[in-house]
Every structure is written in C-alpha cells, then in structure tokens.
Amino acid sequence: MVTGIFAAWLIMSAGATRAQSEDPPVVVDLSKDFVAITAGFTGTEVLLFGTFEGKGQVIVIVEGPANNATIRMKERVAGIWVNGSEVSFEHVPAFYQILATEELGDWLPQSLREEYHIGLDHLNIRPLGDVSPGDKKMFRDALIRNKQEAGHYGRGPGKMRLVGGRLFRSTVFFPADVQVGVYSIRTFLIQDQKVVSTQVLPLAINKTGMEAELYRAAHQHSALYGLAAIVIAVLAGLGGNMLFRRN
C-alpha cells in the first residue's frame with residue numbers, strides 16, 4: 001500500500017516538474033526530514049525514494065556538516081603506546097554515503113567526480129599547515145578509515161533498487177553517535193556522461209528532550225557544566241563510600 005502511494009506521488013511530481021523545466025527531471029524525497037536524538041537513540045534508517053525520466057544513472061550523496069578533524073598516529077615508546085605525530089584537516093564531512101543505481105564505472109567521468117566531489121578520493125579534505133604529500137596521504141587515509149569503522153562513511157557506493165526502470169529507493173542508516181546538524185541529500189541524474197538534472201534536500205538531525213538540554217548546557221555554559229559534572233561525580237563517590245561502610 002505504502003509503495004503504491006509512493007509511486008503515485010512520484011509520477012505526479014515528475015509530471016509537475018516536466019511542466020516547469022525542459023531538462024529531464026529527477027525527483028527525490030525522504031521518509032522523514034527530521035531525526036530526533038533522544039536518550040534511547042540507537043541509530044535510525046531514513047528511506048530515500050524518487051523517480052527520473054529517460055535513460056541514465058542516478059547518484060545520491062548524503063553528506064553531513066563539515067568540521068575540522070585531527071588524526072593522531074600511535075607510537076611505541078619504552079614498550080608503551082602513546083600519541084605521536086598528528087595532522088589536522090578542514091572541510092571534513094561528519095557523514096558521507098553514496099548511493100547509485102549502477103556501480104560507478106566509466107560512465108561517470110573523472111571531471112564530474114572532481115567537480116561534484118563524488119567519492120572519498122574527491123572529498124575536499126585539506127590539511128591545516130605545512131604537511132608533506134606523503135604524510136598528507138597517510139593521515140588522510142587513516143582519517144577516512146576511522147570514519148568508515150565508525151559507520152560514518154560508506155565503504156563503497158550503496159546500491160539503489162530500481163522499480164519499473166524509473167523508480168528508485170534505498171535506505172540510509174545513521175548510527176547512534178551521528179553528529180547533529182543539517183545534512184544535505186544531493187541527487188544527480190547522469191545522461192551521456194553529463195549532469196542533466198539535480199536536486200538538493202536538507203535533513204535535520206538534532207537532540208530533543210533532556211538530551212537537548214544537556215547538550216545545550218555543555219556547549220553554552222561549558223565551565224559550569226564541567227564544574228557540575230565534577231560535583232556530581234564527587235557526591236556519587238561519597239555516597240557509594242558511605243553505603244559500603246554501612247555494609
């Protein structure tokens with residue numbers, strides 16, 4: 001029933017888009033445009049579905065807000081592993097996942113991959129400061145590997161299911177420790193190795209309830225939040241000590 005409703009909506013949306021544009025359209029939507037992070041949040045899936053007209057391939061890039069990130073290499077000193085050299089990068093997406101109706105092959109030129117930052121190799125992640133080319137590659141690869149192990153970056157393009165040759169759908173999983181912020185869902189219709197239609201949707205991820213209040217306090221009043229955390233920890237320790245003495 002739900003799939004039928006989606007299909008009907010997509011066909012009507014495609015017709016409306018054709019009336020407004022001469023370009024071959026691509027239409028995409030999400031099952032929800034807001035993800036609420038509560039105390040019991042363990043991750044969530046968001047359904048992505050859409051339609052396109054004519055022949056071609058569809059690529060969807062799900063990208064989180066960009067931040068600076070530092071990656072450190074472990075070094076063994078006197079038999080103990082300690083933090084060694086480090087490199088900081090800017091423009092690091094908090095989340096990055098590609099979905100495509102076909103495996104990325106020769107039909108997607110390198111020029112398009114570079115222009116639209118399609119693929120991990122083409123992300124605009126730049127080191128801060130003077131870093132040698134060798135160190136840049138080593139630390140950049142380590143940063144991406146850590147993101148993949150955390151489930152924040154895809155290990156490869158995810159497959160989108162095609163229905164009837166023009167309807168597509170897939171799901172994107174956001175882990176429990178996903179960063180809050182506004183995510184962009186960029187959709188490209190590729191025909192004859194050219195981008196002929198695009199669409200961008202926002203997806204907001206934010207904390208709600210008690211989680212939101214604690215998050216706001218930690219960021220807006222960090223000194224007081226830290227002091228309160230210390231006081232609570234000390235009181236909890238004293239209370240536990242008193243209980244053990246009574247027993």
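How many bridges join strand E12 to strand E13? We'll get to that pair in the third view, after a look at the whole chain. Keep in mind throughout that this is a predicted model.

**View 1. The whole chain, before zooming in.** The protein chain has 247 residues, and 36% of them count as buried. Five helices and 13 strands make up its list of elements. If you look at contacts with a separation of 6 or more, 70% of them come from residues 24 or more positions apart. On the outside, the chain exposes about 14500 Å², with carbon and sulfur atoms supplying 55% of that area.

**View 2. Here's the open sheet of four strands.** Going across it, the order is E1-E3-E11-E10, and the pairing is antiparallel. At the edges sit strand E1 (26-30) and strand E10 (161-163), each pairing on one side only. From one strand to the next, the twist averages 25 degrees. For a closer look, take E1 and strand E3 (residues 44-52): five bridges hold this antiparallel pairing. Val26 makes a handy landmark, standing opposite Phe52 in E3.

**View 3. Next comes an open sheet of six strands.** This one runs in the order E2-E13-E12-E4-E7-E9, and its pairing is mixed. Strand E2 (34-37) and strand E9 (158-159) are the edges; each has a single partner strand, so one side of each has no neighbour in the sheet. Now for the opening question: eleven bridges join strand E12 (residues 181-191) to strand E13 (residues 194-207), and the two run antiparallel. To find your place along them, look for Ile185, which stands opposite Leu201 in E13. As for what links such neighbours, strands of a sheet pair through backbone hydrogen bonds, either parallel or antiparallel.

**View 4. Let's zoom in on Leu162, in strand E10.** Is Leu162 buried or exposed? Neither, quite: its relative accessible area is 38%, so Leu162 counts as partly exposed. Setting aside neighbours within four places in sequence, Leu162 is in contact with Phe52, Thr101, Leu167 and Phe168. Phe52 is the residue we met opposite Val26 in the four-stranded sheet. Another residue to look for is Phe49: it is 113 residues from Leu162 in sequence, yet the two C-alpha atoms are 9.9 Å apart in space.

**View 5. This one shows the largest nonpolar core.** It has 26 residues, and those with the most contacts inside it are Leu48, Val60, Phe168, Phe174, Ile185, Leu203 and Ile205. Several strands chip in with at least two residues each: E1, E2, E3, strand E4 (57-63), strand E11 (167-174), E12 and E13. There's also a second, separate core of 24 residues, with Val87, Ala100, Trp107 and Ala142 among them. Back in the largest core, try tracing what surrounds Leu203. Not counting residues up to four places away in sequence, Leu203 touches a whole list of residues, including Leu30, Phe34, Val46, Phe174 and Ile185.

**View 6. Time for the aromatic rings.** Searching the whole structure turns up six aromatic pairs. One of them is Phe95 with Phe174, a tilted pair at 4.8 Å centre to centre, with 35 degrees between the planes. Phe95 is in the loop between strand E6 (80-93) and strand E7 (96-100), while Phe174 is in strand E11, so the pair ties together parts that are 79 residues apart in sequence. Both rings belong to buried residues: Phe95 has 3% relative accessibility, and Phe174 has 1%. Add Tyr183 to these two and you have one aromatic cluster.

**View 7. Another aromatic pair joins Tyr96 and Tyr153.** This pair is edge-to-face, 6.3 Å centre to centre with 65 degrees between the planes. Tyr96 lies in strand E7, and Tyr153 lies in the loop between helix H3 (133-149) and E9, so parts 57 residues apart in sequence are tied together. Tyr96 is buried at a relative accessible area of 2%, and Tyr153 is buried at 3%.

**View 8. We finish at Pro127, in strand E8 (residues 126-127).** The cut-off for buried is under 20% relative accessible area, so Pro127, at 19%, counts as buried. Beyond its neighbours within four places in sequence, Pro127 is in contact with Val87, Ser88, Phe89 and Lys136. Val87 is one of the residues in the second core. Also in this view is Lys137, ten residues from Pro127 in sequence and 9.9 Å away in space, C-alpha to C-alpha.

Methods:
Residues numbered from 1 in each chain as written. Predicted model: local features only at pLDDT ≥ 70, side-chain atom pairs only at ≥ 80, totals over all residues. Heavy atoms only, no water. Pairing = 2+ DSSP bridges. Axes fitted to C-alpha atoms, helices over the stretch in contact; angles between N-to-C directions. Buried < 20%, exposed > 50% of the residue type's maximum accessible area, 1.4 Å probe, protein only. Contact = heavy atoms within 4.5 Å. Core = buried A, V, L, I, M, F, W, Y, C linked by side-chain atoms within 4.5 Å. Phe/Tyr/Trp six-rings, centres within 6.5 Å; stacked < 30°, edge-to-face > 60°. Areas by Shrake-Rupley, 256 points an atom, 1.4 Å probe, with all protein chains shown as cover.
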